[in-house]
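Visitor: I am new to this structure and would like to learn how to read the surfaces where its parts meet. Could you take me through them step by step?

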2 protein chains.
Amino acid sequence: MTVTLSATLAANEDIERRRRAGERVLHLAFGEAGLPVHPALRHKLVAASDLNGYGPVAGAAELRKAAAGYWTRRGLVTEPDLVVCGPGSKSLLYGLLLAIGGDVVLTQPSWVSYAAQADLVGSRPIMVPAPPGEGGAPDPDRVASAVLHARSQGRTVRSVLVTLPDNPTGRLATPQTIGRLVEVARELDLTIISDEIYRDLVHDTQTPFLSPADLAPERTVITTGLSKSLALGGWRIGVARLPNQDLLGRMLAIASEIWSAPAAPVQEAATYAFTEPPELVERVVRSRRLHGVVAHAVHAAFVAAGASVPLPQGGFYLYPDLGYLQAGGSVEVTKLLLNDHGIAVLPGQAFGDDPSAARVRVATSLMYGESPEERLTALTSSDPLSLPWIAANLEHLSTGLRTLSAQRTAPRRSRRATLLPTPVHG
Amino acid sequence: MTVTLSATLAANEDIERRRRAGERVLHLAFGEAGLPVHPALRHKLVAASDLNGYGPVAGAAELRKAAAGYWTRRGLVTEPDLVVCGPGSKSLLYGLLLAIGGDVVLTQPSWVSYAAQADLVGSRPIMVPAPPGEGGAPDPDRVASAVLHARSQGRTVRSVLVTLPDNPTGRLATPQTIGRLVEVARELDLTIISDEIYRDLVHDTQTPFLSPADLAPERTVITTGLSKSLALGGWRIGVARLPNQDLLGRMLAIASEIWSAPAAPVQEAATYAFTEPPELVERVVRSRRLHGVVAHAVHAAFVAAGASVPLPQGGFYLYPDLGYLQAGGSVEVTKLLLNDHGIAVLPGQAFGDDPSAARVRVATSLMYGESPEERLTALTSSDPLSLPWIAANLEHLSTGLRTLSAQRTAPRRSRRATLLPTPVHG
């Protein structure tokens with residue numbers, strides 16, 4: 001087993017080191033929501049600070065009930081008994097891959113940790129690209145042929161994983177794609193794991209959102225958490241909605257031996273969050289708006305520089321293709337951006353993309369400010385792009401991209417001499 | 001893979017259900033410290049409630065430094081860079097088994113989760129009994145022969161795990177045993193995993209305590225946490241002290257894909273705890289005393305009833321042998337105690353012990369009271385056994401054991417007709 005530190009977490013730690021060393025680095029490499037904790041959640045954590053006993057493995061009864069209500073309000077009637085909580089949806093996804101077993105179909109590209117988790121549990125991921133222009137769900141027809149081919153070679157394929165909306169592409173799979181994927185999953189008897197941690201951050205709430213669980217509740221697991229919509233990444237809380245008691249039993253067995261349960265005070269705060277009180281709904285609305293506005297501004301900067309980049313529809317990510325620079329694959333382009341222009345992104349290769357493609361993942365959420373005050377100001381501003389620190393970050397990005405374009409499209413003799421490929425972090 | 005909910009957690013949930021249904025059950029089946037959070041730790045959690053970002057996978061720098069100080073004060077000079085934190089030492093133990101790979105030697109009996117975790121990572125445990133009268137470390141000579149035998153059959157054996165002091169037996173491996181085990185580990189090139197979560201709860205601080213890391217720092221990992229000494233089980237925080245950067249790198253890779261890091265506010269509180277300020281040192285001293293006094297009283301009750309039971313030396317566990325009842329193996333005896341006498345314990349079988357032996361694990365820490373007030377009173381009392389609720393719990397236990405002994409040692413015709421074996425929870 002050859003595993004390395006998660007690419008996103010490794011990049012984050014590398015950038016923090018560079019910054020401490022005095023480098024000016026625009027940090028677009030880390031999927032942290034970049035916003036402060038809502039005071040109501042802090043109050044709930046404080047009020048629960050006396051809770052120190054081991055609670056139920058599945059999570060506190062009230063938390064499971066609140067999470068069930070969250071999904072029920074989204075049209076997915078949910079039994080609290082089929083909810084399981086974990087210290088982050090990452091843990092739950094790991095547990096699911098272990099509980100379901102067999103190989104898993106992933107979208108190419110997809111979040112760095114899916115394939116790494118699959119490797120840890122001894123599952124071999126089958127990478128299938130999304131339909132053209134989409135992201136987050138593999139092309140259903142290609143899933144069918146890939147699974148049949150793998151099975152013909154004696155492999156056991158048990159699941160397919162989708163991310164709605166997607167990290168890294170920022171795209172949302174269409175209802176048509178989800179519909180066809182569900183048909184394929186039924187035909188091939190695959191469990192569908194639907195990672196919907198960015199669901200509440202679809203920028204335009206009129207965008208049609210279809211979960212596989214809407215069509216195939218009998219075979220779909222949904223995972224979500226509060227790391228993105230309420231910026232609680234460091235609190236470590238996620239929830240999963242399971243299709244049946246059998247998978248629940250296997251998940252609880254795994255959870256009880258690996259993590260027991262999320263921190264009890266955090267569970268109390270999460271219970272409150274999943275009931276969706278007005279002040280937290282408002283916080284999510286504001287967050288969604290900020291993420292959308294900034295992601296679109298960053299999109300414009302890449303387009304202006306000449307990159308091909310799909311318009312982001314949710315979350316705080318973009319996935320530009322910098323192939324026009326002719327500067328090598330994603331690892332080389334990432335190094336060039338970081339070392340010469342102080343712009344930190346992640347190479348598409350870390351997401352399982354073709355290493356020779358110059359696609360990189362850009363996370364926009366750490367542009368909102370360095371201090372909690374700046375971030376809170378960004379969140380409440382009617383025009384966040386005009387805030388000096390956000391404007392400066394955007395300018396840093398645009399200048400870097402413009403300079404790079406000029407350098408790379410100038411005659412070849414003026415180019416930087418050495419662009420040796422080096423391993424990515426993770 | 002056939003996994004079931006952790007035996008201890010399943011038993012706990014079963015007992016809670018019985019109690020809600022009105023049954024009087026003396027809960028001696030769960031290894032929760034049964035004491036309140038110290039206010040200083042609550043204050044630290046509250047002060048850190050604004051921390052919501054993803055921190056470093058290894059844990060916050062200050063926490064790693066504090067944990068290094070904790071070990072250094074115990075004679076084990078520790079580099080903060082070789083400390084890794086996790087959401088409970090359970091998670092860290094799982095990660096270690098995965099990172100080290102191969103099969104693991106466990107003591108028979110040993111904590112329920114070791115063998116279950118080994119199963120999850122595809123490792124086959126090799127169960128070796130402790131030397132007579134001891135617990136927590138396998139007999140070194142038998143380790144040598146068991147490992148050589150396993151290797152002769154083509155198995156890869158990479159580690160041996162000890163628990164100092166032990167759960168379930170409450171015994172502390174002697175320095176002689178640890179010394180010999182270290183020699184064997186060196187000869188066989190085994191990594192030693194030393195679970196020292198009960199270290200600060202050795203009842204008599206004059207009892208000689210030797211960690212394998214004292215003798216073989218180059219091959220020993222120590223894990224500990226705050227669940228036992230400071231009763232923070234529900235907060236989920238553990239730390240590991242690793243022997244080298246290679247294992248650290250593998251652990252971080254695993255941690256980054258399964259749990260990321262412990263909850264950030266909890267890390268802040270743990271940082272304070274590992275600096276061992278006077279009020280927390282005093283809390284641990286009081287806890288240790290209470291655990292010792294009650295465990296010894298429970299020991300006396302079992303001895304009075306006719307059981308053979310080693311004197312507990314640390315933590316809050318005893319491991320009586322009820323074979324004199326001639327009531328079957330540990331599962332049958334456990335059912336008899338629960339169903340007929342309202343005494344909940346765990347069968348030795350859950351700890352990997354011989355199922356035909358009538359040994360059970362008794363956890364004494366939930367006798368301190370039902371309310372935080374009762375528990376705090378127990379903690380500060382100079383004579384906790386005289387507190388009405390603790391006296392009543394001890395009386396319930398003694399009466400049950402006496403009645404059982406009388407029934408079972410009466411002529412066979414008066415005995416309960418059916419004692420069918422049923423599966424244990426986990």
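Guide: Let us begin between the chains: across the interface of chain B and chain A the rule finds zero salt bridges, a salt bridge being a side-chain nitrogen of Lys or Arg within 4 Å of a carboxyl oxygen of Asp or Glu. This is a predicted model, in which local features need pLDDT of at least 70 and side-chain atom pairs count only at pLDDT 80 or more, while totals for chains, interfaces and linings use all residues. Residues are numbered from 1 along each chain as its sequence is written, chains are lettered from A and ligands numbered from 1 in the order in which they are written, and side-chain values use heavy atoms, with hydrogens and water left out.

Visitor: How many residue pairs are in polar contact between chain B and chain A?

Guide: A polar contact is a pair of N or O atoms within 3.5 Å; within protein, one must be able to donate a hydrogen and the other to accept it, and residues adjacent in sequence count only if both atoms are side-chain atoms. Between chain B and chain A there are 35 such residue pairs, both residues being at pLDDT 80 or more.

Visitor: What area is buried between chain B and chain A?

Guide: Buried area is the accessible area (1.4 Å probe) that two parts lose on being put together, summed over both. For chain B and chain A the value is about 4,600 Å², with carbon and sulfur atoms giving 58% of it. Asn52(B), Tyr54(B) and Glu257(B) supply 19% of what chain B buries against chain A, more than any other three residues.

Visitor: How are the two copies related?

Guide: Two copies of a chain are related by a rotation about an axis and a shift along it. Here a turn of 180° and a shift of 0.0 Å along the axis lay chain B on chain A with an RMSD of 0.0 Å, by least squares on the C-alpha atoms of residues with pLDDT of at least 70 in both. The two copies are therefore related as by a two-fold rotation axis.

Visitor: Which residue of chain B comes closest to the rotation axis?

Guide: That is Val46(B), whose C-alpha lies 2.7 Å from the axis.

Visitor: Within chain A, which domains are assigned?

Guide: Domain bounds come from an automatic or database domain assignment, which gives domain 1 (7-30 + 279-414) and domain 2 (39-276) of chain A. Their centres, taken over C-alpha atoms, are 26 Å apart, and the area buried between domain 1 and domain 2 of chain A is about 2,500 Å².
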